[in-house]
Amino acid sequence: MKDVNCAYCMQGELVAKFGYPCCELPSSFVYVFKEQSHKGRCIVAHKKHVSELIDLTDEERDQYFADIAKVSNALHKAFHPDKVNYGAYGDTGCHLHFHLVPKYKDEVEWGSTFEMNSGKVMLSDEEYEALAEAIRANL
């Protein structure tokens, strides 16, 4: 069931405030995160409106983690990070999603938790599309 107040369920304008559509995978939708302090940062949002991993069947969870691994692999191929960090939050937006955050040793935040939404690096739609295409090309 979809939640009409949920950006991931409704997509479109709600998710466009913070995410640029990249692709659809078997159990998830992938968005390039608009704040790009970490080149290639994206979100992998489950297709079902659930809050917790425990709300998925074993099969659904396995497929979701397969999607996350596939996107992580694409990030490594496209952007060559030193590490990809994974963040699953949702205290206020209770829709299961993971932030995949490429980290680079020359960044200020190397060795620490990434800042959620600093607003420091915003791009044009053309630049978001180029990032999305780089991810899609490596899936």
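**Close-up views of the protein**

**View A.** Leu-131 is buried, and its relative accessible area is 7%. Buried stands for under 20% relative accessible area, exposed for over 50%, and partly exposed for the range in between, with a 1.4 Å probe and protein chains only. The model is a predicted one, in which local features need pLDDT of at least 70, side-chain atom pairs count only at pLDDT 80 or more, and totals for chains, interfaces and linings use all residues. Residue numbers start from 1 along each chain as its sequence is written, and side-chain values use heavy atoms, with hydrogens and water left out. Leu-131 lies in helix α4, which covers residues 125–137. Helices (H or I, at least four residues) and strands (E, at least two) are DSSP runs numbered from the N terminus. Outside the residues up to four places away in sequence, Leu-131 touches Val-32, Gln-36, Lys-39, Gly-40, Phe-79 and Leu-123. A contact of this kind requires heavy atoms within 4.5 Å. Leu-75 is 56 residues from Leu-131 along the chain, and the C-alpha atoms of the two are separated by 9.8 Å.

**View B.** Phe-33 is a residue of strand β2, which is made up of residues 28–33. With a relative accessible area of 4%, Phe-33 is buried. Among the residues that Phe-33 contacts, once neighbours within four places in sequence are set aside, are Phe-18, Arg-41, Cys-42 and Ile-43. The same list also includes His-99, Met-116, Asn-117 and Tyr-128. Between the C-alpha atoms of Phe-33 and Gly-87 the separation is 13 Å, and the two residues are 54 residues apart along the chain.

**View C.** Asn-85 belongs to strand β4, residues 83–87. A polar contact links the side chains of Asn-85 and Lys-103 at 3.5 Å. The term polar contact is used for a pair of N or O atoms within 3.5 Å; within protein, one must be able to donate a hydrogen and the other to accept it, and residues adjacent in sequence count only if both atoms are side-chain atoms. With residues up to four places away in sequence not counted, Asn-85 touches Lys-103 and also His-99, Leu-100, Val-101, Ser-112 and Phe-114.

**View D.** Gln-11 sits in the loop that joins α1 (7–10) and α2 (12–16). Its phi is near 55 degrees, which is positive in a residue other than glycine. Most residues other than glycine have a negative phi. Gln-11 is partly exposed, at a relative accessible area of 25%. Neighbours within four places in sequence aside, Gln-11 is in contact with Phe-29 and Tyr-31. The side chains of Gln-11 and Tyr-31 are joined by a polar contact of 3.2 Å. Phe-29 is 18 residues from Gln-11 along the chain, with a C-alpha separation of 9.6 Å.

**View E.** His-80 is placed in the loop between α3 (58–79) and β4. This residue counts as exposed, since its relative accessibility is 59%. The phi of His-80 is near 55 degrees, a positive value in a residue other than glycine.

**View F.** Asp-55 is found in the loop between β3 (42–46) and α3. Its relative accessible area of 39% makes Asp-55 partly exposed. Val-50 and Glu-60 are the residues that Asp-55 touches when those up to four places away in sequence are not counted. The C-alpha atoms of Asp-55 and Cys-9 are separated by 16 Å, for residues 46 residues apart along the chain.

**View G.** The setting of these close-ups is a protein with four helices and five strands. Along the sequence the pattern reads α-α-β-β-β-α-β-β-α. The radius of gyration is 14 Å, close to the 14 Å of the globule rule for 139 residues, so the protein is as compact as a globular protein of that length. That radius is taken over C-alpha atoms, and the globule rule is 2.2 Å times the number of residues to the power 0.38. Taken along the principal axes, the C-alpha atoms fill a box of roughly 40 × 30 × 30 Å. Of the 139 residues, 42% count as buried. Among contacts with a separation of 6 or more, 56% are between residues 24 or more positions apart.
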